[in-house]
Amino acid sequence: MTGQRFTILSGNDLVTGDVTWWTGSGWSRHVNDAVAVGADAGAIATREQDALRVVGAYEVNATRDSAGIRPVHIKERMRALGPTVRLDLSLRPDDPAAIGWIA
Amino acid sequence: MYLYDTYDQAMVDARVAEFSDQVARRLAGTLSEEQFRPLRLKNGLYLQLHAYMLRVAIPYGTLNARQMEMLGQIADRYDRGYGHFTTRQNIQYNWIRLDDAPAILADLASVGMHAIQTSGNCIRNTTADHFAGAAADEVADPRPYAELLRQWSTFHPEFDYLPRKFKVAIIGSETDRAAMKLHDIGIQVVKNAAGETGLRVHVGGGMGRTPMIGPVIRDWLPPLQMISYLEAALRVYNRYGRRDNKYKARIKILVHELGAAAYAREVEAEFAHILTLGLEPPQAEFDRIKAQFADPAFDAAAPHDIDLSDPDFALWVDQNVHPHKAPGYGIVTISLKPVGGIPGDASADQIRLMARLARAYSFDELRVTHAQNIVLPHVRRADLYTIWQALDGAALASANLDLISDIIACPGLDYCSLANARSIPLAQKISQRFGDIQRQRDLGELKLKISGCINACGHHHAGHIGVLGVDRKGLENYQLLFGGSEGADTSLGAIIGPGFSEDGVVDAIEAATNVYLAHRSGDERFLDTYRRIGSAPFKQAIYG
């Protein structure tokens, strides 16, 4: 799947608001846990939103490289990481290279 | 300070109870997100890029120490230890849990605050001159009028579903410290030759994708007719404003398309009708409100002269302390723009410190500025050194007010789901490039403003140097604007040429400052030199 685009599913946790990614069986805060959803995206989103596990679920284009899953759009990479100006609040607080992953 | 009466408190408490029930129903699944979204937005709760974000209204940017302490407590208890002061004189929390939101609103209500009308197509929190009631150059205190506006606009049923959001700003000096002409309605309190007080009303200003300077629609309005006149101005907008296209729905488009004179005629006709209804507040009620903003008990013997032998302190006094109307007093602006810092962010500890200083040294008052700084409005000059030492110990003593590192920056793509590019890292790089304070002072007043998208929350149109972040084929790109101003000489910046990368725009700004230094005449600011010599020398230096 390297270099090829595929679709993953993202949303926010209803209660905490955290950015979450569909793993095939649940939701994870880590984009690398995401799985390709293909044509099932809409059905999964509806089911999970109805179950109050996620809010605002939508499809995100991504590719895979040596570092793992990489959302195509910078906005989605930002969601996957957290604020670059407060890495201490991001999901990679001890990794200065994380900022380079965004650009 | 404004004071909640029993009506205010009852309304806000009732809203907290209502929203608590709505959150409970959302969490139980009896309200869908589609049903819940407008309800949470009515209470300032957005779903942003990383989490829920709560925007808290600070009426005309005015706070007392107890309220400021509550903002710090909320940052600690419910967020991640900090808050972000905004260009709307409000504060935002970036990491709110939905199930905490009712408790936060209850805490805010306990100190006379809320988050109502900080979203949606309604009249938003009125903004005002952050030096109101203190400035040496003030004609009249705008706060009693701002308070009338607060009471009138809160829960106004007719204007709860306007074509678009609606922002009002009010000032009482010739010096415009509130970007008044760049609001949907801008009001200036003025006096005529006979010494009578009146209001000059601008309508149809704004930034965003179609920036416009609001024309004068009414040059003189008896102050107690303010509510009736605004009622008419809003009613005409509600009737004719476009609802078919959100990008053409702001009142500035209506005023522009009708023409200011035609719009004014419509308003006058409606105003004549509304005057028959007797909506004006009685003089006694206005006097009651005005009394809430009476001068504190200034010490008439407060000395002006103070020991300035500490050079760092002297620098800060020179840059960050403004003349006060009362002898022996000064207006302190606490910069939230340390070199390399995040413009407008303050930690809970810093917020609490500023509250303590306000209680001890500023008659229990603070202001939030639209430039994302904090003001202690009434400080004895004799107390300045003690205050400066306390601020210095908390990284709050940057002596950079109105200098190139005093940057306005919206949250940008680091936090905002609408943004196309990051604003904060760019602000950090610029402030680091120009980090030397003497270099900044040599450049003099230079207002630099950055927005991460066309919505212009960072006021880039009004910057002497403005930066607009755009998405260029998936990459962050920055357009550079020169010549904007938000003051009495309000002007809109013009794009200088093709955009830049983040590092490229920092280099371009440095090149522009070099052009300014080479062409500066006398005491000219960057803006003055740019207006005099035009864009060509700047383009030449930047693009070759």
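So, what covers the buried residues of helix 7 of chain B? In this predicted model, the cover includes strand 9, residues 197–203, helix 6, residues 226–240, and helix 8, residues 260–275, all of chain B. Helix 7 itself spans residues 251–258, and its buried residues are Ile251(B), Lys252(B), Ile253(B), Leu254(B) and Val255(B). Just after helix 7 comes Gly259(B), with a positive phi near 95°.

Now, you may have spotted a lysine in that list. Lys252(B) sits in helix 7 of chain B. Why does Lys252(B) count as buried? Because 25 C-beta neighbours lie inside 10 Å of Lys252(B), and the cut-off for buried is 20 or more. And who is around Lys252(B)? Setting aside neighbours within four places in sequence, Lys252(B) is in contact with Gly204(B), Gly205(B), Gly206(B), Thr210(B) and Met212(B). There is also Val203(B): 49 residues away from Lys252(B) in sequence, yet the C-alpha atoms of the two are 7.3 Å apart.

Let's move along chain B to a sheet. Here we have 5 strands in an open sheet, in the order 16-17-18-19-20, with mixed pairing. Which strands stand at the edges? Those are strand 16, residues 408–409, and strand 20, residues 494–495; each has a single partner strand, so one side of each has no neighbour in the sheet. Further in, strand 17, residues 448–451, and strand 18, residues 465–472, pair in the parallel sense over 4 bridges. If you want to find that pairing on screen, look for Lys449(B), whose bridge partner in strand 18 is Gly466(B). Helix 15, residues 502–519, packs on this sheet and touches strand 18 and strand 19, residues 475–482. The direction of helix 15 makes about 15° with that of strand 19.

Next, the two chains together. How many residues are in contact between chain A and chain B? On the chain A side there are 21, and on the chain B side 22. Looking at chain A, the elements giving two or more residues to the side that touches chain B are strand 4, residues 55–65, and helix 2, residues 74–81. Helix 2 of chain A gives the largest share, 4 residues. By class, that side of chain A has 10 nonpolar, 8 polar and 3 charged residues.

Last, a word on confidence. Chain B has a mean pLDDT of 97, with 100% of its residues at 70 or more. For the complex, the predictor gives an ipTM of 0.96 and a pTM of 0.97. Thanks, everyone!

Definitions and conventions: Residues numbered from 1 in each chain as written. Chains lettered and ligands numbered in written order. Predicted model: local features only at pLDDT ≥ 70, side-chain atom pairs only at ≥ 80, totals over all residues. Buried ≥ 20, exposed ≤ 12 C-beta atoms within 10 Å, placed from the backbone. Contact = placed C-beta atoms within 7 Å. pLDDT = per-residue confidence, 0-100. Pairing = 2+ DSSP bridges. Axes fitted to C-alpha atoms, helices over the stretch in contact; angles between N-to-C directions. Nonpolar A, V, L, I, M, F, W, Y, C, P; charged D, E, K, R; others polar.
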